[in-house]
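Here is a quick look at how one pair of helices packs and what sits around the pair. Have the structure open while you read.

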Amino acid sequence: MTLLGDAAHPMLPYLAQGAAMAIEDATVLAACLDRNPDVPAALRTYEASRLPRTTRVQRDASHNAAVYHMGGAAAALRSLALMAMGGDRLISRYDWLYGWTPA
């Protein structure tokens, strides 16, 4: 038995990745099961291959939650910093996330 998506690694909404991680999990799980007829070994491979990425997404979403919910002077500085970064630079920080392709 294995878990995927929010059952395995619930996501905060601050990177909009809850459904995306479930789809990625399913893709990786299918590939692991396709490559290895030993189901327990395939499940271990699936878990090991997903853990670093889902951990990073959770960590970055938690960071964004803290940043987005700042108040007072910290919020004003945050807004100035985000405007100075510009949209392209801000999005490029997440190329590792939004540019994922299955192995």
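Burial here goes by relative accessible area: under 20% is buried, over 50% is exposed, and anything in between is partly exposed. By that yardstick L4, at 33%, counts as partly exposed. Keep in mind that this is a predicted model.

**Before the first helix**

L4 is found in the segment that precedes α1. Leaving out residues up to four places away in sequence, L4 touches A22, D25, L29 and Y46. The last of these, Y46, is 42 residues from L4 in sequence, and the two C-alpha atoms are 9.9 Å apart.

H9 belongs to the segment before α1 as well. Buried or exposed, then, for H9? H9 is buried, because its relative accessible area is 7% and the cut-off for buried is under 20%. The side chains of H9 and D25 are joined by a polar contact of 2.6 Å. Setting aside neighbours within four places in sequence, H9 is in contact with M21, D25, T54 and Q58.

A16 is another residue in the segment before α1. Most residues other than glycine have a negative phi. A16 isn't a glycine, yet its phi is positive, at about 55 degrees. With a relative accessible area of 61%, A16 is exposed.

Here are the accessibility values side by side:

| Residue | Relative accessibility | Class |
|---|---|---|
| L4 | 33% | partly exposed |
| H9 | 7% | buried |
| A16 | 61% | exposed |
| E24 | 7% | buried |
| V57 | 0% | buried |

**How the two helices pack**

Two packed helices are described by the angle between their axes and the distance between the axes. So how do α1 and α2 cross, and at what angle? Their axes come within 9 Å and cross at roughly 150 degrees. Angles over 145 degrees count as roughly antiparallel, and α1 and α2 are therefore roughly antiparallel to each other. The crossing of α1 past α2 is right-handed.

On the α1 side, the residues that meet α2 are M21, E24, D25, V28, L29, C32 and L33. Facing them from α2 are V39, A42, L43, T45, Y46, S49, R50, R53, T54 and V57. Sorted by character, the residues of this contact come out as 10 nonpolar, three polar and four charged.

**Two residues from that contact**

E24 is found in helix α1, which covers residues 18-35. At 7% relative accessibility, E24 counts as buried. Which residues does E24 contact, leaving aside neighbours within four places in sequence? They are R50, R53 and W100.

V57 has its place in helix α2, the helix made up of residues 39-68. V57 counts as buried, at 0% relative accessibility. Not counting residues up to four places away in sequence, V57 touches M11, L15, Q17, M21, W96 and L97. For a sense of distance, V57 and S79 are 22 residues apart along the chain, and their C-alpha atoms are separated by 22 Å.

How values were computed
Residues are numbered from 1 along each chain as its sequence is written. This is a predicted model: local features need pLDDT of at least 70, side-chain atom pairs count only at pLDDT 80 or more; totals for chains, interfaces and linings use all residues. Side-chain values use heavy atoms; hydrogens and water are left out. Helices (H or I, at least four residues) and strands (E, at least two) are DSSP runs, numbered from the N terminus. Buried means under 20% relative accessible area, exposed over 50%, partly exposed in between (1.4 Å probe, protein chains only). Contact means heavy atoms within 4.5 Å. Axes are lines fitted to C-alpha atoms, for helices over the stretch in contact, and angles run from 0 to 180 degrees between N-to-C directions. Angles under 35 degrees count as roughly parallel, over 145 as roughly antiparallel, 65 to 115 as roughly perpendicular and the rest as oblique. A crossing is left-handed if the near helix is turned anticlockwise from the far one by less than a right angle, and right-handed if clockwise. Ala, Val, Leu, Ile, Met, Phe, Trp, Tyr, Cys and Pro count as nonpolar, Asp, Glu, Lys and Arg as charged, and the others, Gly among them, as polar. A polar contact is a pair of N or O atoms within 3.5 Å; within protein, one must be able to donate a hydrogen and the other to accept it, and residues adjacent in sequence count only if both atoms are side-chain atoms.
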